Amino acid sequence: MALLTLSNAHLAYGHVALLDNAAFSLEPAERVGLIGRNGTGKSSLLKIIAGLEKPDDGTLQLQGGLRLALVAQEPLLDPDASVFEAVSLGVAEAKALRERYEAHDPSDDLDAIQTRIEAMDGWTWEQRVTETLERLQLAPDAKVGPLSGGTKKRVALAQALVAAPDVLLLDEPTNHLDLDAIRWLEELLKAYRGSVLLITHDRAFLDAVATRIVELDRGVLRSYPGNFAAYEATKQRELADEALFTARQDKLLAQEEVWVRQGVEARRTRSVARIKRLDALRQQRVERRNSIGRVSLELDAGARSGKIVAELEKVNKAFGDKAVVRDFSATILRGDKVGLIGANGAGKTTLLRLILGTLAPDSGTVRTGANLQVAYFDQMREALNLDATLADTISPGSEWIEIAGGRKHVMSYLGDFLFAPARANSPVRSLSGGERNRLLLARLFARPANVLVLDEPTNDLDIDTLELLEELLQTYAGTVFLVSHDRRFLDNVVTSTIVNEGPGRWREYEGSVEDWLLQSERARVLQAAAAKRGAVAPVPAAVLPAATSTAPRAAPGAVAAAAPKPAPAKRKLAYKEQRELDILPQRIETLEAEQQQLLAQLGDAGFYSGPARQVAEAQARATQIEEELLAAMERWEALASA
């Protein structure tokens, strides 16, 4: 039986219908991802289900005693409370019941109170709050008021999680969370006993968490079973069928319009039924829900920069006793697309400033390239004047924009980013979070730049715009520095990653997030296997990360001195097993060489202009190699530690 059911819902702001006879139901233990364009009414729908808003028409039915918790995009918290106090509001009932039980009031039914406390897991509410704060990297004693918007969002998320409601409603929960926190949230939601309805544009998160996708499209809710990947496949088929049907209907309507306008002789003999069909076709054309336009992105790479954008050698930077960057060396070349990965507060912004030469290191050398034109995308949107109009934000004092060697009127340019001409003179403060991000992108792309610094550009952007931004950055001739926790976006854009691996320690990896995770896990497995044997393992260099494989080897004497007492005797490998162990390192090295070659092919935009079959075969082989590598590594570890 459904936990909640929304029927015949209507909601409109002005002439825009956000919900048009929409219907939705949520079953027990479901995890539903709600997706759709910015401004289509997803947050409004969540507020209606949470009981914070009412639809213009329609009914919402909830099971009796159903408990819901909503984490809004802009949460409201007591600025004078500590973080621990704010999060503890999520367990306020359990806290109050335990206090009543411990007070031993004779008028209370202690058995009933105890049963209720146990049902709510109220005996350990402090432990739940503390653990959640630790996982979300929140300081319990900090005051809520001075916190940044992103940190307040994490406080609100913690407050909802500790409440353990029957239905958890999440509006963009991954915004401002780092990768570790996002992966922790994935595991928590997958193990969550209640139901979840969440709005997010993080495709990897949806793939990991969602059991059903619901799309809000032009006022109508459409349901797709499975995760985001399953939705994409089904949606492609639907769009193709819809385009074919629309083309046929338009062709038939055009033929009937020609017929009805024929001469007098034809009008005498025309069929009444045919005229009725024409009227029906006209009405269908009027009522048809045309697809919303797509953002049109164009970027001026400006003048060509020098071949070397930045060269860092043994750079160190500290603030007081806190080392932010220690002994970091790297070379960034023109055209590189670099992802920066690290926990919030790890120093990604500091490292970026060092790379671009706007911050001097404490020691080491930084050499920046010639003719750098840098454009910044600010995740906090502080660069926007909320009182300025959209047109003045894009092109102050002029109606025209010079872009990519041509001129474009500011109204037309705003239209490329889905802002209607009527909104050009509206203040920036009237925009939603996603619309402000689109406006920032519009302003960023209106200026020539050969170096782009994008700090969390994916927050609040809808999936269609994200995919277009990916395509633009893939073909952009300049250099990109990308700070993001959206794994799919990073995987589709970056050519290398700089990862924080501890206080002040940064390491550069070739490839995307998946490549970094694979290399890190591979190194960890091999090092663990070596530790089990109690000696340095004969690890092939090809299976270690680039930075690890180039580390100096310890002297033989030092290894011998450091070796622990001999381990118990191990079983002798059979001849076939020993033979397999001997050839596995070479097999792993061969597979990795083929993988690198395939990744280079797939990373070349020109490769996709070739036969589609060739592209599909390369993608399939890349996936197969990854599986074969993992199997070979696991087998190598098993045989080496036998």
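In this predicted model, strand S10, spanning residues 308–319, pairs with S13 in the antiparallel sense, and the pairing extends over five bridges. One position in this pairing can be named on both sides, since Leu312 has Val366 in S13 as its bridge partner. The two strands belong to an open sheet of three strands, in which the order is S11-S10-S13 and the pairing is antiparallel. Strands S11 and S13 form the edges, each pairing on one side only, and neighbouring strands of the sheet are turned against each other by 15 degrees on average, with direction ignored. Helix H12 lies across S10, S11 and S13, and its course makes an angle of about 135 degrees with S10.

The elements of this region have the following residue ranges.

| Element | Residues |
|---|---|
| Strand S10 | residues 308–319 |
| Strand S11 | residues 322–333 |
| Strand S13 | residues 363–368 |
| Helix H12 | residues 348–356 |

Turning to the nonpolar cores, the largest comprises 44 residues, and those with the most contacts inside it are Ile394, Tyr413, Leu439, Phe445 and Leu452. Helix H15, residues 433–445, gives the most to this core, contributing six residues. For Leu439, the residues touched, when those up to four places away in sequence are not counted, are Leu384, Leu390, Thr393, Ile394, Leu414, Phe419, Val428 and Leu431. Ile394 therefore appears twice in this picture, as a contact of Leu439 within 4.5 Å and among the residues with the most contacts inside the largest core. A second core, separate from the largest, has 42 residues, including Val87, Leu147, Ala181 and Leu198.

Key: Residues are numbered from 1 along each chain as its sequence is written. This is a predicted model: local features need pLDDT of at least 70, side-chain atom pairs count only at pLDDT 80 or more; totals for chains, interfaces and linings use all residues. Side-chain values use heavy atoms; hydrogens and water are left out. A nonpolar core is a set of buried Ala, Val, Leu, Ile, Met, Phe, Trp, Tyr and Cys residues joined through side-chain atoms within 4.5 Å. Buried means under 20% relative accessible area, exposed over 50%, partly exposed in between (1.4 Å probe, protein chains only). Helices (H or I, at least four residues) and strands (E, at least two) are DSSP runs, numbered from the N terminus. Two strands pair if DSSP finds at least two bridges between them. Axes are lines fitted to C-alpha atoms, for helices over the stretch in contact, and angles run from 0 to 180 degrees between N-to-C directions.
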